[in-house]
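Trainee: I would like to learn how to read a few features from a model. Please take them one at a time.

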Amino acid sequence: MISLMLKILERESDNEGRIFLYLEEGKWVGYDRSALYLCRLVKDLPIVSYVVEGIFWLLKAELDVKLLPKEYVLCCSSKECILDVSQIWK
């Protein structure tokens, strides 16, 4: 779990215009900047804080798989999805 969080933190540290989502328990989950972007894209989506083993504190947003806005998808696998929202809020 820690190695996944390190990967997420590295991606999010300079993330501008992408939403990185990870499939967890049947939902797409975004962390940190991705969570913020996702909440701007999908109305009324709650954002929560998330702590991993007392080490990391991140923002987290969850989206039902069926609600994924497909028009922004750059690439998607069975475990991960990347959306491009760089042109939306320019």
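Trainee: Why is the sulfur of C75 not in a bond with the closest cysteine sulfur?

Mentor: A disulfide is a covalent bond between the sulfur atoms of two cysteines. Here the term is applied to a pair of cysteine sulfur atoms within 2.5 Å. The closest cysteine sulfur to that of C75 belongs to C81, at 7.0 Å, which is too far for a bond. For C39 the closest is also in C81, at 16 Å, again too far. The count is zero disulfides.

Mentor: Some conventions apply. This is a predicted model, where local features need pLDDT of at least 70, side-chain atom pairs count only at pLDDT 80 or more, and totals for chains, interfaces and linings use all residues. Residues are numbered from 1 along each chain as its sequence is written, and side-chain values use heavy atoms, leaving out hydrogens and water.

Trainee: What is the mean pLDDT of the protein chain?

Mentor: pLDDT is the predictor's confidence in each residue, from 0 to 100. The chain has a mean of 88, with 91% of its residues at 70 or more.

Trainee: Which residues have the most contacts inside the largest nonpolar core?

Mentor: A nonpolar core is a set of buried (under 20% relative accessible area, 1.4 Å probe, protein chains only) Ala, Val, Leu, Ile, Met, Phe, Trp, Tyr and Cys residues joined through side-chain atoms within 4.5 Å. The largest has 15 residues, and I19, L21, L38, L45, L63 and L68 have the most contacts inside it.

Notes:
Buried means under 20% relative accessible area, exposed over 50%, partly exposed in between (1.4 Å probe, protein chains only).
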